[in-house]
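Me: I am new to this one. Could we go through it step by step?
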Amino acid sequence: MPGEEKTGGLVLLPGQQDRDLAAGTVLSFGRGAPGRPVDLQVSGSPRVSRQAGTVEATPYGMLISNTGSNPIFIQRGDGPTAVSLRPGQAYLITVGRARITFPGVSDYFEVEAGGATAEPASTDALERTIAGERTTSAFGLNPDTAYFRCLI
């Protein structure tokens, strides 16, 4: 709504107060060290990089970047697998909450993308358009044909 400032997201650290981030805010995270401070000290373990990465609240969600020398893992929702984020890579969390973990330690923190509604987006909003025309499938299948039934 006009005049209403939306938050970009939320950072949740176990045992600490949640941090509400406005869009455009960038926080560094890691174990930190003298002369190399971080905004979010997420671990004291030497297995976690001093400056492991950054969390940036964007208008599109929470952008997690790995600036350390070890991978970080991003666990979305209740899914069984995590996304491995290697050094130099970034990952955008557009909806919901995700847990950021580190290999070899039990330390973690969570981020939640702000502005997400419980309402699913309409199918029209999800369709891609080019020059005002709907994008069609490159490999269209007709469900009324025999080859379609064989595939299924």
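Me: How many Å² does the protein expose, and what share of it do carbon and sulfur atoms supply?
Reply: In this predicted model, the exposed area is about 10,100 Å². Carbon and sulfur atoms supply 52% of that area.

Me: And which share of the residues counts as buried?
Reply: The protein has 152 residues, and 28% of them count as buried.

Me: What about helices and strands, how many are there?
Reply: The protein contains two helices and 13 strands.

Me: What part of the contacts with a separation of 6 or more is between residues 24 or more positions apart?
Reply: Such pairs account for 42% of those contacts in the protein.

Me: Let us turn to one residue. Where is Ser45?
Reply: Ser45 lies in the loop that runs between strand 4 (40–41) and strand 5 (53–58).

Me: Is Ser45 buried or exposed there?
Reply: Ser45 is buried, because its relative accessible area is 16% and the cut-off for buried is under 20%.

Me: Which residues is it in contact with, leaving aside neighbours within four places in sequence?
Reply: Ser45 then has contacts with Arg31, Val105 and Asp107.

Me: Changing topic, what is the average pLDDT of the protein?
Reply: The average is 80, and 75% of the residues score at least 70. Residues 116–123, however, have a pLDDT below 50, and that stretch makes three contacts in the model beyond near neighbours in sequence. Residues 125–130 are also below 50, with seven contacts of that kind.

Me: How should such stretches be read?
Reply: Predicted coordinates should not be read in detail where pLDDT is low.

Conventions:
Residues are numbered from 1 along each chain as its sequence is written. This is a predicted model: local features need pLDDT of at least 70, side-chain atom pairs count only at pLDDT 80 or more; totals for chains, interfaces and linings use all residues. Side-chain values use heavy atoms; hydrogens and water are left out. Helices (H or I, at least four residues) and strands (E, at least two) are DSSP runs, numbered from the N terminus. Buried means under 20% relative accessible area, exposed over 50%, partly exposed in between (1.4 Å probe, protein chains only). Contact means heavy atoms within 4.5 Å. Accessible areas come from the Shrake-Rupley method with a 1.4 Å probe; for residues, only the protein chains shown count as cover. pLDDT is the predictor's confidence in each residue, from 0 to 100.
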